[in-house]
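This report describes selected strands of a predicted model and the surroundings of one loop residue. Please consult the sequence and structure shown below.

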Amino acid sequence: MKKLITCLTVSLLSGVVLADTWTVDDDGSDFPKPNFNTIQAAVDAANSGDLILVYPGTYTNSDDSGFRTNGTGGCPAGEIQDCNGNCCPESWIGDGVCDDGSYEWNGVAIYLNCDEFKNDGGDCDGGDSAEGACCVGCYCGLMTQEECSSVGGSYNGDNSSCKINPCGGGGCDPVVNMLGKAITLRSIAGPSVTIMDALQSNHVILCDSFEGTDTIIDGFTITGGSALNGGGLNCNESSPTIINCIFDSNSAEFGGGVRCYSGSPTITNCTFTENTSSWSGGAIYCWSYSNPTITNCTFTANTATKYGGAIEITWN
C-alpha cells in the first residue's frame with residue numbers, strides 16, 4: 001500500500017507547473033544581470049501564473065524601430081553611434097571615405113552623413129544626393145528627399161538624423177503588449193521611478209487578446225501614449241487589473257488615458273493627470289457593453305473636446 005501511495009504522489013506532482021519569476025532592468029544598475037532589459041521581452045517569455053518584477057528605469061518602445069538595427073544603447077570603447085544610433089568606429093569620421101550607408105560595421109549599414117557629424121567630417125559633400133531623416137508613420141530611415149517622397153514619407157531636411165527621434169521617438173509597437181497572458185507585471189519601487197513611455201508614437205500598453213482579471217499591471221507611470229484609441233492603455237474585449245499606476249500626459253481621440261471596448265478592466269488606486277482626448281474621455285473612455293470597476297482613483301486636469309473630460313461611458 002505504501003508503494004502505491006508513493007507512486008500516486010509522484011504522478012500527481014509531475015503534472016504541477018511551477019510559476020517563474022522574471023526580472024527586468026533597463027540598464028542593470030539596480031539589478032545586475034536581470035533576465036531582460038525590456039518589459040516586452042519578459043512578457044514574451046512568461047507563461048500563465050508567472051511574475052515579472054521590473055526595476056526602476058524608463059522603458060520605451062524605441063528598440064522596436066524597424067530602422068534602428070542595433071537600437072540606441074551604449075557602444076564599445078572606440079565606437080560611437082551613427083546617425084541612426086548604430087555603433088561604428090569613431091575613426092571613420094573624416095577618414096576620407098563617405099559613410100552614407102555604403103559601408104557596414106558588424107553587418108549594419110553605417111551613416112555618418114548628417115549634421116551631427118558634419119557630413120562625416122567633410123567626407124560627404126551633400127549635393128543632389130544628400131540624405132536626411134524620413135518619417136514613414138513612426139518609423140525613421142535615412143534616404144534622399146526623392147526616395148522619401150516615393151514611399152509617402154515626411155522628409156526632415158538634408159543631413160538630418162534619425163538619432164534625435166524626429167518621428168515621435170518610439171517604434172510602432174506599444175511599450176507592452178500583454179499577449180493575453182495571465183501574468184503579474186509589477187514594479188519593484190513604484191510608479192515614481194518605474195516609467196513606461198511610448199514617446200508619443202503608440203499606446204503604452206495594449207490588451208487585445210482577451211486578457212482577464214488575472215492579467216495584473218501594478219505600480220507604473222504610464223505616459224507618452226498617443227493613438228486613435230487609448231493612448232495609455234487600450235483594452236479590446238479585455239478586462240485586466242490595473243493597480244497603483246499613474247496615467248500622465250497621454251492622448252487619443254477616444255480615451256486619452258484608457259479606452260475599453262467590450263471589456264471591463266478593474267482600475268484601483270490610480271492617478272490620472274493631464275490626459276487629453278480630441279473627442280471623448282480625457283482620462284477614460286468605455287463603450288459597447290463595457291463595465292469598468294474604478295476604485296479610489298484621482299482625476300486631475302484631464303480634458304476632452306466633446307464629452308467626459310474625466311470619464312465617458314456609453315452604449316452600455
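## A buried loop residue

Asp99 is found in the loop that lies between strand S5 (87–89) and strand S6. With a relative accessibility of 2%, Asp99 falls under the 20% limit and therefore counts as buried.

Which residues are in contact with Asp99, leaving aside its neighbours within four places in sequence? They are Trp92, Ile110, Tyr111, Leu112, Asn113, Asp120 and Cys124.

## The hairpin of S6 and S7

Strand S6 (residues 100–105) and strand S7 (residues 108–111) run antiparallel and are joined by three bridges. Within this pairing, Asp100 stands opposite Tyr111 in S7. Tyr111 is also among the residues in contact with Asp99.

Two residues lie between the strands of this hairpin, where Asn106 adopts a positive phi near 55°.

## The parallel open sheet

Elsewhere in the model, six strands make up an open sheet with parallel pairing, in the order S11-S14-S18-S22-S26-S30. Its edges are occupied by strand S11 (176–177) and strand S30 (311–314); each has a single partner strand, so one side of each is left without a neighbour in the sheet. In general, the strands of a sheet pair through backbone hydrogen bonds, in either a parallel or an antiparallel manner.

At the S11 edge, the partner is strand S14 (residues 205–207), which runs parallel to S11 and is joined to it by two bridges. Here Asn177 stands opposite Leu206 in S14.

How values were computed. Residues are numbered from 1 along each chain as its sequence is written. This is a predicted model: local features need pLDDT of at least 70, side-chain atom pairs count only at pLDDT 80 or more; totals for chains, interfaces and linings use all residues. Side-chain values use heavy atoms; hydrogens and water are left out. Two strands pair if DSSP finds at least two bridges between them. Helices (H or I, at least four residues) and strands (E, at least two) are DSSP runs, numbered from the N terminus. Buried means under 20% relative accessible area, exposed over 50%, partly exposed in between (1.4 Å probe, protein chains only). Contact means heavy atoms within 4.5 Å.
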